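Open the model in your viewer and keep the selection tool at hand. Each stop below says what to select and what is there.

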Amino acid sequence: MRAAVLQTIGAKFAVENLVDPEPKTGEVLVKVAACGVCHSDLHVVHGSVGFPTPCVLGHEVSGVIEAIGPDTKGFRVGQAVVGTFIMPCGTCRHCANGHEELCETFFQFNRLSGHLYDGTSRLGRANGEVIAQYSMGGLAERCVAPVGGIHPLPEGIDLLDAAILGCSGFTAIGAVRTTGQLRVGETVAVIGCGGVGSSIIQMAVAFGASRIIAVDVSAEKLAAAVELGATDVVNSLDGDPADAVREITGGRGVDVVFEALGRPETIEKGVMMLDDMGRLVMVGLAARDQVARIPILHTVRRKIQILGSYGARAGSDMAALLEFTAKGVYNPSRVVTNRYALDDVNLAYDDLEAGRIVGRGIVVM
Ligand SMILES: [Zn+2]
Ligand SMILES: [Zn+2]
């Protein structure tokens, strides 16, 4: 099969032929339809998040089941599915307590070593060289994933655009529903209106937010945010965004801020956008050494809550996301703005890095 291989940290992707992967017990083989283009992959490319090389990145996929591992139930060949970037084992202490987003097996075997849960990767070259897989390794024509990370796709959803359900939509519903616990009538600011931010805006509409303030430096992204349901926009290039958010809300600030960039300065501004007892939901990932400065008096005196949010629960949150999507409450096609061929994978990530992708890009296999 053809796959985009990252040979070393900092290199460009090279599309090459790898051995077709085969699923083991508890796994399925997916013929990939599309794979989303996400900043988390760039963190690996730049070495700001550690991961072994050579590797195949790509961690939100859609496709069709092509083969099922031995003694593995629950799927049929030909079934349309999406893969979530967190692939829970189902048995570790966090999975057992319903917090699959913290699955220890996933972090230990996949994020540290690029393997699946028998301690080996399903990817390799014809000469026997092993290739690490980041989640399922979705930037390829085929991928193998544990069944805990694979979800049947309801009918009526575009199979290609559905790829972004696995990270962009997944992260958004985890942030809004589980971490932020957004309630009807609350006010919201969303900092960073790319793939995850524009999914959060759609989700905030669905959860009944009374006011949704989109914050970005791109006039194009802010215009797209209004199309998705943002009630107000703040361009951070025009002045202090925290002052602007307070002004829009009559001096109070908002109930919940979603920070989708993972940048110290926007996290610091996010705290200052909150009303008393407000929640800052941190969604964007950053390099290991990035640190934000939190004002102590302001945070304590106003009872501000600062909450980390990573992905979502592959069980209950993903079920809710798929139901939202089936009903059209959340529409991945309104987030996907750019489609690339596998041979143009380097262009896709260059565009992402340069801010040229308004919503989300996908690589179509
Ligand atoms: Zn991602
Ligand atoms: Zn687990």
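The tour goes from the domains to helix pairs, then to single residues.

**Stop 1: the two domains**

This is a predicted model. Colour the chain by its domain assignment: domain 1 takes 2-167 + 313-364, and domain 2 takes 170-308. Domain 1 is thus written in two segments, with domain 2 between them in sequence. Place a marker at the C-alpha centre of each domain; the two centres lie 27 Å apart.

Now select the contact between them. Domain 1 brings 27 residues to it, and domain 2 brings 21. On the domain 1 side, helix 1 (39-45) and helix 10 (316-326) supply at least two residues each. Which helix gives the most to that side? Helix 10 does, with five residues. Colour the domain 1 side by residue class: 15 are nonpolar, seven polar and five charged.

**Stop 2: helix 4 against helix 5**

Move to domain 2. Select helix 4 (residues 168-179) and helix 5 (residues 195-206). Their axes are 8 Å apart and make an angle of about 50°. Helix 4 is therefore oblique to helix 5. The crossing is right-handed.

Show the side chains of the contact:

- From helix 4, pick Ser168, Gly169, Thr171, Ala172, Ile173, Ala175 and Val176.
- From helix 5, pick Gly195, Val196, Ser199, Ile200, Met203 and Ala204.

How many residues of this contact are charged? There are none; eight are nonpolar and five polar.

**Stop 3: helix 5 against helix 6**

Keep helix 5 and add helix 6 (residues 219-228). Here the angle is about 25°, and the axes are 9 Å apart. An angle under 35 degrees counts as roughly parallel, so helix 5 and helix 6 fall in that class. This crossing is right-handed.

Pick Ser198, Ile201 and Gln202 on helix 5, then Ala224, Ala225 and Leu228 on helix 6; these make the contact. Four of these residues are nonpolar and two polar, with no charged residue.

**Stop 4: helix 8 and its neighbours**

Select helix 8 (residues 264-272). Its buried residues are Thr266, Ile267, Lys269, Gly270 and Val271. Note the lysine in that list. What do these buried residues pack against? Show strand 11 (187-191), helix 7 (241-248), strand 14, strand 15 (274-282) and helix 9 (296-301).

**Stop 5: Val254**

Stay with strand 14 (residues 254-259) and pick Val254. Is Val254 buried or exposed? It is buried, because 26 other C-beta atoms lie within 10 Å and 20 or more is the cut-off.

Now draw a distance from Val254 to Gly278. They are 24 residues apart in sequence, yet their C-alpha atoms are 6.9 Å apart. Gly278 is one of the residues that Val254 touches beyond four places in sequence. The others are Thr187, Val188, Ala189, Ile213, Val245, Thr249, Met273, Leu274 and Asp275.

**Stop 6: Cys35**

Cross to domain 1 and select strand 3 (residues 27-37), then Cys35 within it. Cys35 is buried, with 37 other C-beta atoms within 10 Å. Draw its C-alpha distance to Ile362: 5.4 Å in space, against 327 residues in sequence.

Display what Cys35 touches, leaving out residues up to four places away in sequence. The set is Gly58, Glu60, Val61, Gly138, Leu139, Ala163, Ile362 and Val363.

**Stop 7: backbone exceptions**

Most residues other than glycine have a negative phi, and most peptide bonds are trans. Three places depart from this.

Start with the peptide bond between Thr53 and Pro54. It is cis, with omega about -5°. Pro54 lies in the loop between helix 1 and strand 4 (55-56).

Go on to Asp71, in the loop between strand 5 (61-68) and strand 6 (80-83). Its phi is positive, about 55°. Asp71 is exposed, with 8 other C-beta atoms within 10 Å.

Finish at Ser135, in the loop between strand 8 (130-133) and strand 9 (142-146). Its phi is also positive, near 50°. Is Ser135 buried or exposed? Ser135 counts as buried, with 28 C-beta neighbours inside 10 Å.

Conventions
Residues are numbered from 1 along each chain as its sequence is written. Chains are lettered from A and ligands numbered from 1 in the order in which they are written. This is a predicted model: local features need pLDDT of at least 70, side-chain atom pairs count only at pLDDT 80 or more; totals for chains, interfaces and linings use all residues. Axes are lines fitted to C-alpha atoms, for helices over the stretch in contact, and angles run from 0 to 180 degrees between N-to-C directions. Helices (H or I, at least four residues) and strands (E, at least two) are DSSP runs, numbered from the N terminus. Angles under 35 degrees count as roughly parallel, over 145 as roughly antiparallel, 65 to 115 as roughly perpendicular and the rest as oblique. A crossing is left-handed if the near helix is turned anticlockwise from the far one by less than a right angle, and right-handed if clockwise. Two residues are in contact if their C-beta atoms, placed from the backbone, lie within 7 Å. Ala, Val, Leu, Ile, Met, Phe, Trp, Tyr, Cys and Pro count as nonpolar, Asp, Glu, Lys and Arg as charged, and the others, Gly among them, as polar. Domain bounds come from an automatic or database domain assignment. A residue is buried if 20 or more other C-beta atoms lie within 10 Å of its own, exposed if 12 or fewer, and partly exposed in between; C-beta atoms are placed from the backbone.
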